[in-house]
Amino acid sequence: MAGETGPPRGQRTGFAGVTMMDQLLLLALAVAALVGILASLSILRRDRPGQESPFAASTEGEKRCPNCGMGNLWTDARCVSCGADLPG
Ligand SMILES: [Zn+2]
């Protein structure tokens, strides 16, 4: 026991060991959750082939008012909200 620089009692080592285990467990859970989220995101991204469409789905059947941003029908010549002339 001449060159021993550790704690005189085993109490500190035991407490530190438990803390380290908890930290490792939390780290493992965090990594596992992160991997799961990343995997889900990549799967969701792969399942969307229509993402490259030049026309956004939300603007289909309507045109945005350049003045107020209100969505109007394609048949409308004027904005239903502010009355501005609609392009097209
Ligand atoms: Zn408008």
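1. Glycine 71 first: this residue sits in strand β2. Strands here are DSSP runs of E with at least two residues, helices are runs of H or I with at least four, and both are numbered from the N terminus. Bear in mind that this is a predicted model, where local features need pLDDT of at least 70, side-chain atom pairs count only at pLDDT 80 or more, and totals for chains, interfaces and linings use all residues. Residues are numbered from 1 along each chain as its sequence is written.

2. Is glycine 71 buried or exposed? Neither quite: glycine 71 counts as partly exposed because 15 other C-beta atoms lie within 10 Å. The cut-offs are 20 or more such atoms for buried, 12 or fewer for exposed, and partly exposed in between, with C-beta atoms placed from the backbone.

3. Leaving out residues up to four places away in sequence, glycine 71 touches Glu62 and Arg64. A contact means that the two C-beta atoms, placed from the backbone, lie within 7 Å. Serine 81 is ten residues from glycine 71 in sequence, and their C-alpha atoms are 8.8 Å apart.

4. On the overall fold, the protein has one helix and two strands, in the order α-β-β along the sequence. Just 2% of the 88 residues count as buried. Of the contacts with a separation of 6 or more, 3% join residues 24 or more positions apart.

5. Now confidence: pLDDT, the predictor's confidence in each residue, runs from 0 to 100. The protein's mean is 78, and 66% of its residues reach 70 or more. Among the elements, strand β2 (residues 71–73) has the highest mean at 89, and helix α1 (residues 11–46) the lowest at 83. Where pLDDT is low, don't read the predicted coordinates in detail.
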